[in-house]
Amino acid sequence: CKEVGPDDPIDGIKARDWASYVGPSSIYYMMQFFRMQETRRIAVISFSAFFLGPFYFFYRKMWKEGLLTAILTIVLSIPTFIEIISVFNPSLLGAMPLGWLPAAVNVCAVASWALNIILGLFAVSWYRREAKKNIDRIYADYPDGEARTDALLQKGGTNLLAALLYFGSLALEGGLSSAQESLLVLFGQKMTHALRSEMSRKLTR
């Protein structure tokens with residue numbers, strides 16, 4: 001593999017400017033970007049994107065991609081959520097027909113895996129495209145020097161807080177759902193016990 005110097009271009013951008021923009025793991029990303037430039041390939045395996053999904057995009061400040069992926073993830077989980085409700089508290093669903101639910105759960109599970117595979121294969125390429133677009137804008141706005149480097153560091157890098165907030169919101173949602181289900185089960189058990197006790201008293205009179 002050819003050694004890349006600080007001033008050598010990758011997609012028309014100096015390697016040192018890529019490093020300033022990317023921040024953490026810059027060596028890995030520059031290596032991948034250089035290989036993609038040389039081979040014209042756009043598919044690169046990223047286990048981070050495969051397993052973490054929206055977290056990956058929020059961490060890399062790709063807000064639109066992160067939001068879209070989060071929405072898709074939530075939508076694909078709706079049938080499973082409805083299935084859980086139908087088991088623990090079917091009265092909440094009223095007269096909703098549920099014949100479609102098993103098929104929907106299976107389809108969404110397959111679609112969720114397909115989404116993860118797509119993210120795992122193309123997230124790095126999407127990041128490369130987004131980063132290049134932002135760096136080109138910075139090149140146009142700032143001359144070569146400290147001002148450009150400062151702009152690259154500010155615009156690029158990572159945002160751990162946004163990623164943690166996303167994970168925190170998922171954990172909070174999961175915790176509240178679990179608490180709600182536990183309360184519903186407990187309420188149902190108490191109601192069942194009360195009805196049995198009342199029926200027992202009536203039968204012994």
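Which residues in H1 meet Ser 26, Tyr 29, Met 30 and Phe 33 in H2? Keep that in mind while you get your bearings; the tour reaches that spot shortly.

**Getting your bearings**

What you have open is a predicted model. Show the whole chain as a cartoon and you'll find eight helices and two strands. Start at the N terminus and follow along: the elements run β-β-α-α-α-α-α-α-α-α. There are 205 residues, and 32% of them count as buried. If you look at contacts in the chain with a separation of 6 or more, 68% come from residues 24 or more positions apart.

Now color by pLDDT. The chain has a mean of 84, with 80% of its residues reaching 70 or more. Select residues 101-141, which is helix H6: among the elements of the chain, H6 has the highest mean pLDDT, at 95. Then select helix H8, residues 160-204, where the mean is the lowest, at 62. A word of caution for this kind of region: where pLDDT is low, the predicted coordinates should not be read in detail.

**Stop 1: the loop between the strands**

Go to Asp 11. You'll find Asp 11 in the loop between strand E1 (9-10) and strand E2 (13-14). Check its backbone: Asp 11 has a positive phi of about 60 degrees, although it is not a glycine. Is Asp 11 buried or exposed? Its relative accessibility is 15%, so Asp 11 counts as buried.

**Stop 2: H1 against H2**

Next, select residues 15-22 for helix H1 and residues 26-39 for helix H2. Their axes come within 9 Å and cross at roughly 130 degrees, so H1 and H2 are oblique to each other. The crossing of H1 past H2 is right-handed.

Time to settle the opening question. Turn on side chains for Ala 15, Trp 18, Ala 19 and Val 22: these are the H1 residues that meet Ser 26, Tyr 29, Met 30 and Phe 33 in H2. Sorted by class, this contact has seven nonpolar residues, one polar and no charged ones.

**Stop 3: H2 against H6**

Keep H2 on screen and bring H6 back. How do these two lie relative to each other? Their axes come within 11 Å and cross at roughly 90 degrees, so H2 and H6 are roughly perpendicular. To light up the contact, pick Tyr 28, Tyr 29, Gln 32, Phe 33, Met 36 and Gln 37 in H2, along with Val 124, Ser 125, Tyr 127 and Arg 128 in H6. That group divides into six nonpolar residues, three polar and one charged. Tyr 29 and Phe 33 may ring a bell, since they also take part in the contact of H2 with H1.

Zoom in on Ser 125, which lies in H6. With a relative accessible area of 12%, Ser 125 is buried. Leave aside its neighbours within four places in sequence, and Ser 125 is in contact with Met 36 and Ile 42.

**Stop 4: a loop before H5**

Now jump to Lys 61, in the loop between helix H4 (54-59) and H5. Here is another positive phi of about 60 degrees in a residue that is not a glycine. Lys 61 has a relative accessibility of 22%, so it counts as partly exposed; the cut-off for buried is under 20%.

**Stop 5: H5 against H6**

Select helix H5, residues 63-88, and show it together with H6. The two axes come within 10 Å and cross at roughly 170 degrees. Angles over 145 count as roughly antiparallel, and H5 and H6 are therefore roughly antiparallel to each other. H5 passes H6 in a left-handed crossing.

There's a lot to click on here. On the H5 side, the contact residues include Leu 72, Leu 76, Pro 79 and Ile 82. On the H6 side, look for Leu 101, Val 105, Cys 108 and Leu 115, among others. Charged residues join in too, among them Lys 64 and Glu 65 of H5 and Glu 130 and Lys 133 of H6. Overall, the contact divides into 11 nonpolar, five polar and five charged residues.

Finish at Phe 81, also in H5. At 39% relative accessibility, Phe 81 counts as partly exposed. For a last click, draw a distance line from its C-alpha atom to that of Val 105: the two residues are 24 apart along the chain, and their C-alpha atoms are separated by 9.3 Å.

How values were computed:
Residues are numbered from 1 along each chain as its sequence is written. Side-chain values use heavy atoms; hydrogens and water are left out. pLDDT is the predictor's confidence in each residue, from 0 to 100. Helices (H or I, at least four residues) and strands (E, at least two) are DSSP runs, numbered from the N terminus. Axes are lines fitted to C-alpha atoms, for helices over the stretch in contact, and angles run from 0 to 180 degrees between N-to-C directions. Angles under 35 degrees count as roughly parallel, over 145 as roughly antiparallel, 65 to 115 as roughly perpendicular and the rest as oblique. A crossing is left-handed if the near helix is turned anticlockwise from the far one by less than a right angle, and right-handed if clockwise. Contact means heavy atoms within 4.5 Å. Buried means under 20% relative accessible area, exposed over 50%, partly exposed in between (1.4 Å probe, protein chains only).
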